[in-house]
Amino acid sequence: MRFHQEIFIKNLKSFVQNHPMNTVKELDHMILYDDLIVGFVSTNDPLFEKFKDEKIIGEHHFLPNEWLLEGKTVISYFLSFSEKIRTSNHIPSLPSSEWLFGRIEGDMLNMELSKFILQELYSIGEKSIAPSLDPRFKVVNRKSNWSERHVGFAAGLGTFGLSESFITELGAAGRMGSVITSLEIPPSTRPYTDAYEYCLWYRKKECGHCMKRCPVNAITSDGKIKTLCSAYLDMTKKKFAPRYGCGKCQTNVVCENINPVKLNATKI
């Protein structure tokens, strides 16, 4: 059976939009995700080797073919949070209930989407694996052996920001996932060369709103202080269990739901 990228992406969007888990009954049937974008990159792309550099991720980061020997393509996707989730979190300090549901229940739907992609590829006879669902997937000291953000960068979906959020054409407020497959799919165009190209702070030293948004001042002009961010997230785990999160640096900022560079945005 022949693979059609446009039909494939349309099927993914339909799966998410029509899935019962995309509606949160507890919050007046709130929608979790309103759209998604998909990118493709060859497993042989030289960026994957670069990710093993300690200055980028580290040696512990698996190559695509370490996950799936027969792998030829990595499929990366970004799910954008609905306007209700994003705007609810415009408040300062503690995360909104809507954001917490998006973070946890949203990740549950994210996993279901990965499973759906695996089924779609299996139906046409292709081997595939979702690293985040694989028993070999590990996160140690908040460092994983498969970074969805870096994979998204390789697949042409976006670049990083000052807060280390991932800025896409649909903005930064959302979740990511990926699947490695034996199917050879033409790679997406990577419309940037720099890892921070979509961040106005790194481009022009303008914006920097995420610094003001952080409730614990973990974001500075030099980047993120990860220990402060981690400690705050740990606090939310205790306060809001079984949910946790923050997302202040991804909401009420210019890159919340757009690529600010493409819109020629220069100031908050």
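The paragraphs below go through a predicted model, taking in turn one helix and its packing, a strand residue beside it, a second helix, and some unusual backbone sites.

Helix 1 runs over residues 5-18, and its 14 residues, at 1.5 Å a residue, should span 20 Å, which agrees with the 20 Å that separates its end C-alpha atoms. The buried residues of this helix are Phe8, Leu12, Phe15 and Val16. Viewed down the axis of helix 1, these buried residues fall within an arc of 90°, so they line one face of the helix. Such a pattern fits the geometry of an α-helix, which has 3.6 residues a turn, so that residues three or four places apart point the same way. On the face of helix 1 turned away from the buried side are the exposed residues Glu6, Lys10 and Asn18.

What lies over the buried residues of helix 1 includes two strands, strand 3 (33-42) and strand 4 (73-81), together with helix 5 (97-122). The axes of helix 1 and helix 5 come within 10 Å and cross at roughly 145°, and the crossing in which helix 1 passes helix 5 is right-handed. On the side of helix 1, this contact is made by Phe8, Asn11, Leu12, Phe15 and Val16, and on the side of helix 5 by Leu109, Glu112, Leu113, Phe116, Ile117 and Glu120. Sorted by class, the residues in the contact of helix 1 with helix 5 are eight nonpolar, one polar and two charged.

Strand 4, which is among the elements covering the buried residues of helix 1, is also the place of Leu79. Is Leu79 buried or exposed? With a relative accessibility of 1%, Leu79 counts as buried, because the cut-off for buried is under 20% relative accessible area. When its neighbours within four places in sequence are left aside, Leu79 is in contact with Val16, Tyr33, Asp35, Leu36, Asn110, Leu113, Ala173, Gly174 and Arg175. Among these partners, Val16 is one of the buried residues of helix 1, and both Val16 and Leu113 take part in the contact between helix 1 and helix 5.

Helix 9 (226-240) can be read in a similar way. At 1.5 Å a residue, the 15 residues of helix 9 should span 21 Å, and its end C-alpha atoms are indeed 21 Å apart, which agrees. In this helix Ser230, Tyr232, Leu233 and Thr236 are buried. They cover an arc of only 160° around the axis, which puts them on the same side of helix 9. The exposed residues Thr227, Lys238 and Lys239 are carried by the face of helix 9 turned away from its buried side.

The segment after helix 9 holds Pro242, and a cis peptide bond, with omega of about 10°, joins Ala241 to Pro242. Asn252 is also found in the segment after helix 9, and its phi is near 55°, a positive value in a residue other than glycine. Asn252 is partly exposed, having a relative accessible area of 33%, which lies between the limits of 20% for buried and 50% for exposed. From C-alpha to C-alpha, Asn252 and Leu79 are 18 Å apart in space, while 173 residues apart in sequence.

A positive phi in a residue other than glycine is also found at His29, where the value is near 60°. His29 lies in the loop between strand 1 (23-24) and strand 2 (30-31).

Conventions
Residues numbered from 1 in each chain as written. Predicted model: local features only at pLDDT ≥ 70, side-chain atom pairs only at ≥ 80, totals over all residues. Heavy atoms only, no water. Helix = DSSP H or I, 4+ residues; strand = E, 2+ residues; numbered from the N terminus. Expected span 1.5 Å × (residues − 1). Buried < 20%, exposed > 50% of the residue type's maximum accessible area, 1.4 Å probe, protein only. Arc of directions from axis to C-beta. Contact = heavy atoms within 4.5 Å. Axes fitted to C-alpha atoms, helices over the stretch in contact; angles between N-to-C directions. Left-handed = near helix turned anticlockwise from the far one by under 90°. Nonpolar A, V, L, I, M, F, W, Y, C, P; charged D, E, K, R; others polar.
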